[in-house]
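Me: I'm new to this structure and would love a close look at a single part. Could you walk me through how that part is built and what it touches?

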Amino acid sequence: MKILVCISNVPDTTTKIKFTGDNELDTTGIQWVINPWDELSLTRALELKDSNPGLIESVTVAHVGPASSEPTIRKALAIGADSAIRVNAEPLDAFFVAAQLEKVITEENFDIVLCGIESSDFNGSTLGGMLAEFLGYPSVSAVSGINIENEDIIIKREIDGGSELVSVPVPFVAIVQKGIALEPRIAAMRGIMMARKKPIKVIEPADVEALTEVSSYEMPPEKEACKFIDPDNPEELIDILQNKEKLI
Amino acid sequence: MSVLVYTENWDGKFKKLSFELVSYAHGVASMIDADVIAVSIGDVDDSELKKLGNYGAKKVISVNKEKLKGLDSQAYAAVIGEIAAKEEAAVLVLSNNNTGKAVAPRLSVKLNAGVGAGVSKLPSSTDPFTVYKRVYSGNAYANIVIKSDIKILTLEQNSFEINETGGNAEIEQMEYDLDESLVKTEIRDVSKQTGKLLLTDAEIVVSGGRGMKSPDNWQPLVELAELLGGATACSRPVSDEGWRPHEEHTGQTGKIIAPNLYIAVGISGATQHIAGVSSSKCIVAVNNDKDAPVFESAKYGIVGDAMKVLPGLIEAVKNTKTS
């Protein structure tokens, strides 16, 4: 079986977000990283390959983005992906990206497709489901575990107040979140050296129209300064919450 | 023309979230002069379905099939998509919860409909159709134009006031002809706690971080949450250490919540934590470090040791309840 992990290139969460004009992200000083959930997906994919030799043939990463996102792809290769595919296009919206990835997947026949539950830039949670529908594959969302038992794929899915174990036939798309792997795998020096020799296949995008666009960005509303309350007078806080804020 | 809202049920019952969704759909429908049609999948009795009328649904279409007992995203999207086409839906509204996140994107492709994911307000304009949403994990907001003919919106939980219209809904039990080969997932096992207030449903959340110092110190925090009728949560280090169950982890990679009141105790307030709670209506922080970043996000703060402040707060709440 072949695993594909879809990765997004996002600003590190601790980066200060600024814009130039109305709708352009100011990229100066931004550190770009693999979207945290995609990084966890990649980690789990590599663990599955390690623990099921012979069954899992390869782990590939796919990315839709311009050449400037190659350092992020190289990082995924250094962590351990066998190969990478980059669709050479600005990722206009999730629909556009999913349509591009559909093409990649139908051409190369992946059995297990992993997507992070959201990207930390647009927080949309839509890519994996869109991709599955384009492909006509089943999808399982809110995935916190994937295991292979006697060649059966068993997925742990989070539900309100608990979890379910779901079996799903290949090919499928799993949309993964916290729990899928404990810590993201870190690239070792050997992996970094090897990543230089691993192939990144670049393909040109299909002609697809995005369905959404950002008309403008805004910074979060200014917040009033915190009102500090004397620790010896907790009654004051409770009084405010009850009578002024009417929250309790 | 209609606004179609998918109303999930929990063991045959709706909850506040369902009424928020219908109220939101009603708000959108008034902007485009359309009717609200609710879709329910599962075993929900008529008196429960009727409740949706009170929030603005004109009609409720109920599909009840044994094969659709568990959530299979592909099959659910097929059912909702077919009803959307039949009812000429211009806008579809789903929750931005686990189920909505599983089904809405599939509907997007099925209906060639752009998604406004995680909205918390009504569209600011219907031409161009513009929605406002949080981006960059709460570090910014974006106005997003949906260009397709059909639009899909997923609503953040606890972000929209419910609004009783006093209306009456017509109930339609739909004999849906399901293509059973679409249901490819099979639920093997379920483990679920019942009767406990879900963190995502809670209007008040009391959350603990490393400043709580030890898993043995949680009792007063739990007591405060119970007194306030709220739920408990925690920061990532606390769940990673196994001090609290991982379902309680609130933050960018854990649960993203928007309660009315979020009380952060002994949480320093790293960007990743705030990303999960920044939509809370009021944040109160208790921390012994007056320079902790959490105070930048808090409306009210107490600088002090959690183990000393919590008993004082508990006492104060008890006094207001007896007075």
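Reply: Happy to, and chain B is our part; its domain bounds come from an automatic or database domain assignment. This is a predicted model, in which local features need pLDDT of at least 70 and side-chain atom pairs count only at pLDDT 80 or more, while totals for chains, interfaces and linings use all residues. Residues are numbered from 1 along each chain as its sequence is written, and chains are lettered from A and ligands numbered from 1 in the order in which they are written.

In chain B, domain 1 covers 2-182 and domain 2 covers 204-322. Their C-alpha centres are 32 Å apart. Eight residues of domain 1 of chain B are in contact with seven of domain 2 of chain B (contact: C-beta atoms, placed from the backbone, within 7 Å). On the domain 1 side there are no nonpolar, six polar and two charged residues (nonpolar: Ala, Val, Leu, Ile, Met, Phe, Trp, Tyr, Cys and Pro; charged: Asp, Glu, Lys and Arg; polar: the others, Gly among them).

Now turn to the partner chain. Here 74 residues of chain B are in contact with 62 residues of chain A. Helix H4 (residues 98-111) of chain B gives the most to chain B's side, with nine residues (helices, H or I, at least four residues, and strands, E, at least two, are DSSP runs numbered from the N terminus). That side of chain B holds 34 nonpolar, 28 polar and 12 charged residues.

The chains also share a strand pairing: E11 (residues 162-167) of chain A and E11 (residues 186-192) of chain B run antiparallel over six bridges (strands pair if DSSP finds at least two bridges between them). Within E11(B), Ile187(B) is the bridge partner of Val166(A).

Notes:
Contact = placed C-beta atoms within 7 Å.
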